Amino acid sequence: SPLRRFQDLANHRQLVAAAAGDEPPYDAEALETIAAATARAESAGRRAERAAVRYWMYRYLQDHAAGGPVDAVVVEVGQRTVVALDETGLEVPVQGLAGVEPGDRVRLRVAHVNPRADVLRLRPEPPGGAPP
C-alpha cells in the first residue's frame with residue numbers, strides 16, 4: 001500500500017537521521033499526524049473497496065438470481081438474523097427467519113436487488129419452494 005510505504009519512509013528517515021547523529025526530521029507530534037492521516041486514508045480505501053465488491057456481488061445476484069432461490073447458512077441470530085450466501089459469501093440480514101440457529105442451512109428468494117442503492121432483500125423460501 002502506498003500509504004503504508006509513506007509510514008515506512010517516515011520511519012526510515014527517522015532511522016537514517018539517528019544513525020547519522022542528526023536531528024530527526026519528524027518530532028513525535030508530526031509522526032502522530034502522519035500515522036493518523038494515513039490510517040484515515042487506509043480506512044476510507046477499505047470502505048470503498050468493500051462497497052465496490054458488494055456492488056458487483058449485488059449486480060451478479062441481480063443478473064443471475066433475481067426472484068430465484070439462493071442457499072445460505074445462518075451466521076448470526078439475535079436482534080437480527082444474518083446469513084452468508086453460498087454463491088457470493090455475502091453476509092446479509094434477513095427478516096422472517098424464525099427458529100433458526102447459527103449453522104442452519106436455509107433457502108431464500110431474492111426479493112429485491114438494487115446495486116446502486118446498496119439494497120438486497122431476501123425472504124425465506126415458501127414451503128414447497130413455490131413462490132407465494
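Which residue in β3 does Val82 stand opposite? Val82 faces Pro93 there, and that pair is a handy way into the notes below.

1. Ground rules. This is a predicted model, in which local features need pLDDT of at least 70 and side-chain atom pairs count only at pLDDT 80 or more, while totals for chains, interfaces and linings use all residues. Residues are numbered from 1 along each chain as its sequence is written, and side-chain values use heavy atoms, with hydrogens and water left out. Helices (H or I, at least four residues) and strands (E, at least two) are DSSP runs, numbered from the N terminus.

2. β2 and β3. Back to Val82 and Pro93: strand β2 (residues 81-85) runs antiparallel to β3, and 4 bridges join them. For pairing, DSSP has to find at least two bridges between two strands. The β2 and β3 hairpin has 5 residues between its strands, and Gly89 takes a positive phi near 80° in this hairpin.

3. The faces of β3. Have a look along residues 91-94, where the side chains alternate. Val92 and Val94 point to one face and are buried, whereas Glu91 and Pro93 point to the other and are not. Buried here is under 20% relative accessible area, exposed is over 50%, and partly exposed is in between (1.4 Å probe, protein chains only). As background, side chains in a regular strand alternate between the two faces of the sheet.

4. β1 and its partners. Ala72 is a good residue to click on: Leu85 in β2 stands opposite Ala72, and Val106 in β4 is the bridge partner of Ala72. Strand β1 (residues 69-76) pairs with β4 in the antiparallel sense over 5 bridges. β1 and β2 also run antiparallel, joined by 4 bridges, and they form a hairpin with 4 residues between them.

5. Salt bridges, overall. How many salt bridges does a search of the whole structure find? The search gives 4, counting a side-chain nitrogen of Lys or Arg within 4 Å of a carboxyl oxygen of Asp or Glu. Three of the pairs get their own points below.

6. Asp118 and Arg54. These side chains meet in a salt bridge at 2.7 Å, N to O. The pair links distant parts of the chain, with Asp118 in the loop between β4 and β5, Arg54 in helix α2 (residues 28-64), and the two positions 64 residues apart. Asp118 counts as partly exposed because its relative accessibility is 38%, and Arg54 counts as partly exposed because its value is 29%. Check the backbone of Asp118 too: its phi is near 60°, a positive value in a residue other than glycine. Most residues other than glycine have a negative phi.

7. Arg105 and Asp86. Their side chains form a salt bridge at 2.2 Å, N to O. Arg105 is in strand β4 and Asp86 in the loop between β2 and β3, 19 residues apart. Arg105, at 54% relative accessibility, counts as exposed, while Asp86 is partly exposed with a relative accessible area of 40%.

8. Arg109 and Glu125. Is this pair buried or exposed? Arg109 counts as buried because its relative accessibility is 9%, and Glu125 counts as buried because its value is 17%. The two side chains meet in a salt bridge at 3.2 Å, N to O. Arg109 sits in strand β4 and Glu125 in the segment after β5, 16 residues apart.
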